[in-house]
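Open the model in your viewer and keep the sequence panel visible. The tour below goes from one selection to the next.

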Amino acid sequence: MSSKKSPEFKKEEKRLKYTKDYIQKTLEATEIYKSQYKENIQEAMENLDYLDSSQSYISVLINTQFMETAEKNFKQLQRVKDKPYFARIDFIPQEGQKDPVYIGKTSLMRAEDDVPLIVDWRSPIANVYYEGRIGKTEYETAAGEQKGELTLKRQYTMEEGTLVDYMDIDIATKDDFLQASLEAGADDKLKDIASTIQGEQNRIIRADMKNPLIVQGAAGSGKTTIALHRIAYFIYTYEKTFDPDNFMILAPNNIFLDYISGVLPELGVEEVRQTTFIDFMKSLIGNKIKLIGTGEKLKTFLEASKGPNASKAPNASKEYGASNPPNAATAIIASEEAAQNPEDFDLTTGTQNLENLKWLLKFKGSAAYLEALKQYIREMEQDFLQNLDFTLGEHVLVRKETIEELILKDFNHLPLYKRPEELKKTLRNQLKKKKKEVLESIEAYYDDRIQGIRVKVPELEERRQQTLPLIGKRDAELKALEKEAKTLVKDYTAGFVKEDLYALYQDFTTDKIIEQKELWTEKDRDRQQYFKDYHQKTLQNKQLELEDLAPMAYLKKALFGFKEDITIGNVVIDEAQDFSLLEVKVLKELLKTDKFTLLGDLSQGIHSYRSIDNWSELMAEVFVDEKPTYMELTQSYRTTIEIMNLANEVIDFLDDHGVKKAKPVIRHGKAPTYQYYDDEGAMVQDLSEEILSLQREGRESIAVICKDREESLDLKRKLPKNLKTTVLKEDQKTYGSGITIVPSYLAKGLEFDSVIICNQNSYYEDNPIDIKLLYVAITRGMHTLSIFEGNDSRSLLRKIYGKSNTKSISA
Ligand SMILES: Nc1ncnc2c1ncn2[C@@H]1O[C@H](COP(=O)(O)OP(=O)(O)OP(=O)(O)O)[C@@H](O)[C@H]1O
């Protein structure tokens, strides 16, 4: 803590005042410029009709550009005017003198002498703030390495434009700024962390864009946050080469998009495209597609993973009359019944079917599946050919081999169904060139014969008798050819038959892939049949599943092409562990870019039955030639040590999956509490009281995480109405603060002040999916965690907490 009376504090106050005044002056000046540009544009528009229009047009363009820049600067300065900078470094270059560098969220140059008053956190010298320690250090610039000495690193606390405090950091100082920032409550939106970015995070934000970057980061390690900062960094650093709309963030769902929506404007980059994988694929394939069962698979596996007593467990949905989803026990019965009644056969239940389903989903996400699709497309290209010469009458104008070469090789860069259009041009040219020759040759042929008759037949009438039919034949033939020529190209190219996209994909999945011998072994007979039956069922009525989206988009591109060119050159994927290899590969091939930043956590891979379960496979199969950079984040910033310890105990139940455990930042809090109940009513009563007590403590965002949606809805019904709870839905676009009941699989990525885990009838058991779901649930809370559950020995938490029915685990 600095003394407010010290001369240094006064100096800092003076500096802050000076900067703020300068910002104010700049804002005022910008307002004037803005209205000037506006007037210029108006004037030029008025003149557009009668003065030299090109000059007016140029004036409109230039002034619009000026206007946009002024607008952008204005917005940025407005945003920072109460906190123009958050840190200062004093760096003495080897050759040169010490100049304090004030680091903020934007830069500001004093116009009179070009002295930087604020330096942007993304600038090269700001790297010293994030990485450098007091003493000798260096940083990279476009001109090379700058060596020097860092003599001061200072952080400021400001409130409403007033300097409250500053703190100098030396090697030994713990990061109080970070602590303070982590103590703050969870908003319903993610915040920027420019002032407290840590070294390991900084290296990811600034990692080279040339190679794909894969980040394995523990829960709460800042993956989402630094993904957004990385984009802001690139847009700033490569301002001239990259437009913000060249970037695309792929997030898991719309709730998540809403959650991150606040950060980019805060960082001064608004125009970045943010979407979900599903929406992006829909936009490519055509929005009319019917997507079925996105959450169903996880539910199927969750149900199937329930322990042997599952069917005996009290079931809330029974009590409330909701339909009771099948568990493993009922699934087996279902498959036995299905054997007698094949009509009702459900391809997602039954032990054997579940094994097959797991295999099928993994296969549909594999590079092998994409190869099979490519093979199908190659076969289609062959079938597309007509095997016919392009002829006028009997005259070959273009040989079929040449047409084949054109379609398969020369026009290979075009979607298959667009190639006939291109071929038309060649055929038209050839027709134009050769029609005359053909007609002349016919004329010559008949002329020869007529001439021969003239020579051979002396008698006039006889000669006329013989030549007239020939002339008639010649004229008729010429006329017929002229007529044929008129539609020749159109008729030929009409022979290239275009099929319906869905019909083709159905043909591929239910037929042609089965015929690809190299894919299957003798042992795969059952799987072949399963694959075929599965798709006959799922693809009915033009329906698709999540796993079909990327293959469909690929097929669409290969055959029809997309409506618009895609200009995205840089892709950032959050929660990348939920993607399949095929999906990343398809994105890479469709977007024709290898500039990918993939961030994920294998410990949270709740969809690993279909998705990436190790990063090395991704690197070896998708980024074969691109030398991807792999980085890890193990420090977790979100939760307290006590909560993270419990999460780590849970993840220990997984067989080693090659991921380092999260290390919490030193921040203590209350130990998580655990209690189990025989009486459901008493549990709900205690849970309501816990919510009220958290509210009294001032916890603004509280999540009650239930394992699935049924339990969430059931709990909402049981909780008192005055608590005003909402149940989070997958297709929800926004989510606010308050009490949110969250099905565990939707909790990924989100964070709350306090989390209550409630298991009435569905428990997290000792199997990989449940372990990961529980890990996700535990790691959502920043400050407190309380667990309420029924009395069931299958519960993994029961195993951890032992027999006593109330306990808290401390650090
Ligand atoms: N350097 C930092 N300074 C301050 N807060 C940070 C820092 N890094 C991360 N945080 C905070 O930690 C929390 C977790 O960050 P974030 O959600 O980005 O992590 P994540 O790795 O994506 O988490 P998960 O995988 O569990 O969803 C956020 O509240 C974020 O603001």
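Select strand 8, residues 213-217, together with strand 17: the two pair in the parallel sense over five bridges. Within this pairing, V215 stands opposite M631 of strand 17. Keep in mind that the model is a predicted one.

Next, bring helix 6 into view. Helix 6 packs on the sheet and touches strand 8, strand 9 (247-251), strand 15 (570-573), strand 16 (596-600) and strand 17. The direction of helix 6 makes about 165° with that of strand 16.

Now display the whole sheet. What is the order of its six strands? The order is 10-9-15-16-8-17, in an open sheet with parallel pairing. Strand 10 (273-276) and strand 17 (629-633) are the edge strands, each pairing on one side only. From one strand to the next, the twist averages 15°.

Move to the ligand. Its surroundings comprise 24 residues, of which T196, A219, G222, K223 and T225 are the closest. Two elements give two or more residues each to this shell: helix 4 (176-183) and helix 6 (223-237). Colour the shell by class to find six nonpolar, 13 polar and five charged residues.

Then select V584, which is in helix 21, residues 581-591. Is V584 buried or exposed? V584 counts as buried because it has 25 C-beta neighbours inside 10 Å, and the cut-off for a buried residue is 20 or more. Leaving aside residues up to four places away in sequence, V584 touches F579, L618 and V622. Add G365 to the selection: G365 and V584 are 219 residues apart in sequence, and their C-alpha atoms are 9.5 Å apart in space.

The last stop is strand 24, residues 752-759. Why is strand 24 described as largely enclosed by the rest of the structure? Eight of its eight residues are buried, so the description follows.

Show the neighbours of strand 24 as well. Strand 21 (residues 701-706) pairs with strand 24 in the parallel sense over four bridges, and I705 stands opposite I757 of strand 24. Strand 25 (residues 781-790) also pairs with strand 24 in the parallel sense, over seven bridges. Here G781 of strand 25 is the bridge partner of F752. To follow the connection, trace the chain from strand 24 through helix 26 (residues 768-778) to strand 25; this β-α-β crossover is right-handed.

Notes: Residues are numbered from 1 along each chain as its sequence is written. This is a predicted model: local features need pLDDT of at least 70, side-chain atom pairs count only at pLDDT 80 or more; totals for chains, interfaces and linings use all residues. A residue is near a molecule or strand if its C-beta atom, placed from the backbone, lies within 6 Å of it. Ala, Val, Leu, Ile, Met, Phe, Trp, Tyr, Cys and Pro count as nonpolar, Asp, Glu, Lys and Arg as charged, and the others, Gly among them, as polar. A residue is buried if 20 or more other C-beta atoms lie within 10 Å of its own, exposed if 12 or fewer, and partly exposed in between; C-beta atoms are placed from the backbone. Two strands pair if DSSP finds at least two bridges between them. A crossover is right-handed if, with the strands pointing away from the viewer, the path from the first strand over the helix to the second runs clockwise. Axes are lines fitted to C-alpha atoms, for helices over the stretch in contact, and angles run from 0 to 180 degrees between N-to-C directions. Two residues are in contact if their C-beta atoms, placed from the backbone, lie within 7 Å.
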